Amino acid sequence: MTNRAQSQITAALLSLWFLSVGIVFLFSQMHASSKKAFWLDESYAMTHMVRAQTYQSMIAQGLTKQGSPAPLDYLALKAWDSLRRTTGFMEQIPDLTYYRLPALIYTLIPYLLMCTVVVRKVIHAESRPIVISIVSLSILIPFSYLYMNEINYYAREMRPYALWNALFSVSLILTILRTRGIWLAPILVLLSLTATAALFQLLSLCAATITCGILAGEQKKQVWQEAAGLFAAPIILSIFYCLKVEQYGYDAPTWSDFAHFYVRKLSTCGFLTIVLIAASFHQAMRRQAAAILALLIMFSLGPVVFWLTLQKGFFFTSRQYLYYDLAGVIPLFFVILHIERLQPMLKKLQRPIALMLIVILAIALPLTFRLVSFQTLRWDIGTTRHLLLHGFSHPEETGIPLPSAE
């Protein structure tokens with residue numbers, strides 16, 4: 001059997017793994033959402049904003065009485081709601097699941113994108129050791145993305161967080177792939193329309209792109225022009241909606257609340273930092289490393305973001321920092337794509353340095369992934385089986401008015 005045939009068989013098996021976990025995740029989340037009544041803010045957003053405001057007012061004025069006036073998720077939800085109410089679309093699915101399906105779909109998009117790229121990487125791999133390395137690392141992708149705490153939870157909530165995180169994830173993936181602006185630019189625009197906090201992500205990714213482009217040896221003028229073409233419009237749009245944020249008066253959390261959360265999240269940065277340092281030694285990897293640097297900048301901006309949150313009278317909640325859950329999967333994806341360059345670098349390391357690196361990784365990886373994921377996947381398999389055998393539960397109380405029968 002030729003190496004190409006072996007690579008294709010391996011790619012098929014890896015695809016089966018990715019799809020199996022993705023389907024289990026999809027069905028288990030659908031079942032879980034059907035058993036959980038809408039939260040008060042989900043119900044309020046549907047009745048007082050999605051159904052009360054027009055598309056035009058959402059775009060021009062932003063969402064009223066929301067911490068983030070950025071309208072994209074609510075625009076999509078309004079269309080999704082109209083489809084249900086006017087046509088009875090997917091009426092066999094309970095409201096609790098139907099209205100949370102968009103968040104679940106958004107969550108799966110970056111996952112499917114990464115899986116597709118990795119499978120193609122396996123198919124075109126030039127040697128068996130490279131294929132083995134890629135597959136060994138790729139098995140972790142579902143756990144380091146779908147089963148991270150915040151990402152997993154907000155995949156079944158009728159809120160903007162899933163779309164916000166998905167668009168930022170896709171932005172980082174496209175940056176690693178070094179795609180043309182024709183693909184990345186519209187994603188950045190959509191990101192700016194999803195959450196006012198996206199301003200920090202856009203500024204971080206812009207700064208990282210400029211820094212890594214210059215370090216990669218590109219002409220400074222070209223780097224700045226490219227950054228302006230990609231980020232100027234999204235940043236302006238984001239600022240537009242930021243200026244519409246109202247002043248709130250929630251009881252201010254203490255810095256100790258944030259510090260406890262922040263220190264715990266900082267412990268996940270070890271793998272991220274190691275990958276960035278490794279990328280800096282190879283000129284061809286420096287440009288794509290902008291995604292890694294952007295995440296580290298976002299971590300460093302954590303106290304600033306929290307301070308600004310306090311200035312607007314908001315309360316502290318971990319979902320405002322959902323993107324921290326990408327500290328595992330994004331560097332993992334980067335390593336998989338650059339495995340041919342990283343392996344020779346490891347071989348050149350002296351033994352003391354190699355041993356120190358192994359020790360650091362042994363500490364960093366568990367802190368990054370915190371895998372209760374295997375237990376969650378086993379629970380999801382049982383939940384999926386229950387859904388396929390017994391179908392959805394249809395509770396009478398959903399928390400929002402049921403779609404009109406007309």
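1. In this predicted model, the side chains of E226 and R178 form a salt bridge, with N to O at 3.3 Å. The contact joins distant parts of the chain, 48 residues apart. E226 sits in helix α13, residues 220–242. R178 belongs to the loop between α10 and α11 (181–192). Both ends are partly exposed: E226 has a relative accessible area of 25%, and R178 is at 33%.

2. E226 has another partner. Its side chain also meets that of R287 in a salt bridge, at 3.2 Å, N to O. R287 lies in the loop between α16 (283–286) and α17 (290–300), so this pair ties helix α13 to a part of the chain 61 residues away in sequence. R287 is buried, because its relative accessible area is 6% and the cut-off for buried is under 20%.

3. Where else do salt bridges share partners? K36, D41, E157 and R159 are joined into one network this way. Across the whole structure, the search finds 13 salt bridges.

4. One bridge to inspect is K36 with E157, where the N to O distance is 2.5 Å. The two residues are 121 apart along the chain. K36 is in the loop between α1 (3–34) and α2. E157 is in the loop between α9 (149–154) and α10. Both K36 and E157 are buried.

5. Cavities come next. The structure holds 3 of 30 Å³ or more. The largest encloses about 50 Å³. Its lining consists of D73, L77, Y99, P102, A103, Y106, E157, M158 and R159. Helices α4 (72–87) and α6 (101–123) each give two or more residues to that lining. The largest share, 3 residues, comes from α6. By class, the lining has 6 nonpolar, no polar and 3 charged residues. E157 and R159 are among the lining residues, and both also belong to the salt-bridge network with K36 and D41.

6. The second largest cavity also has a volume of about 50 Å³. Which residues line the second largest cavity? They are T107, Y145, I151, Y154, A155, Y161, A162, N165, A166 and L322. The elements supplying two or more of them are α9 and α10, and α10 has the largest share with 4 residues. This lining has no charged residues; it divides into 8 nonpolar and 2 polar.

7. Now the open space. The largest pocket has a volume of about 1000 Å³. It is lined by 34 residues, and those closest to its centre are Q66, G67, S68, F314 and Q320. Four helices each supply at least two lining residues: α2 (40–50), α10 (161–177), α12 (198–215) and α18 (302–311). The lining is made up of 19 nonpolar, 9 polar and 6 charged residues.

8. Helix α18 deserves a second look. Besides its part in the pocket lining, α18 gives the largest share, 3 residues, of a nonpolar patch. The patch lies on the surface, covers about 390 Å² and is made by W255, V304, W307 and L308. W307 lies in α18. Is W307 buried or exposed? Neither: W307 counts as partly exposed, because its relative accessibility is 45% and exposed requires over 50%.

9. Helix α10 also recurs. It supplies at least two residues to the lining of the largest pocket. It gives 4 residues to the lining of the second largest cavity. The loop between α10 and α11 carries R178, a salt-bridge partner of E226.

Methods: Residues numbered from 1 in each chain as written. Predicted model: local features only at pLDDT ≥ 70, side-chain atom pairs only at ≥ 80, totals over all residues. Heavy atoms only, no water. 1 Å grid on protein atoms, 1.4 Å probe; cavity = no way out; pocket = protein on both sides within 12 Å on 5 of 7 lines; lining within 4 Å. Points joined across faces, edges and corners; volume = space filled by probe spheres on them. Nonpolar A, V, L, I, M, F, W, Y, C, P; charged D, E, K, R; others polar. Patch = residues over 30% accessible without salt bridge, like charges linked within 9 Å, V, L, I, M, F, W, Y side chains within 5 Å. Areas by Shrake-Rupley, 256 points an atom, 1.4 Å probe, with all protein chains shown as cover. Salt bridge = Lys/Arg side-chain N within 4 Å of Asp/Glu carboxyl O. Buried < 20%, exposed > 50% of the residue type's maximum accessible area, 1.4 Å probe, protein only.
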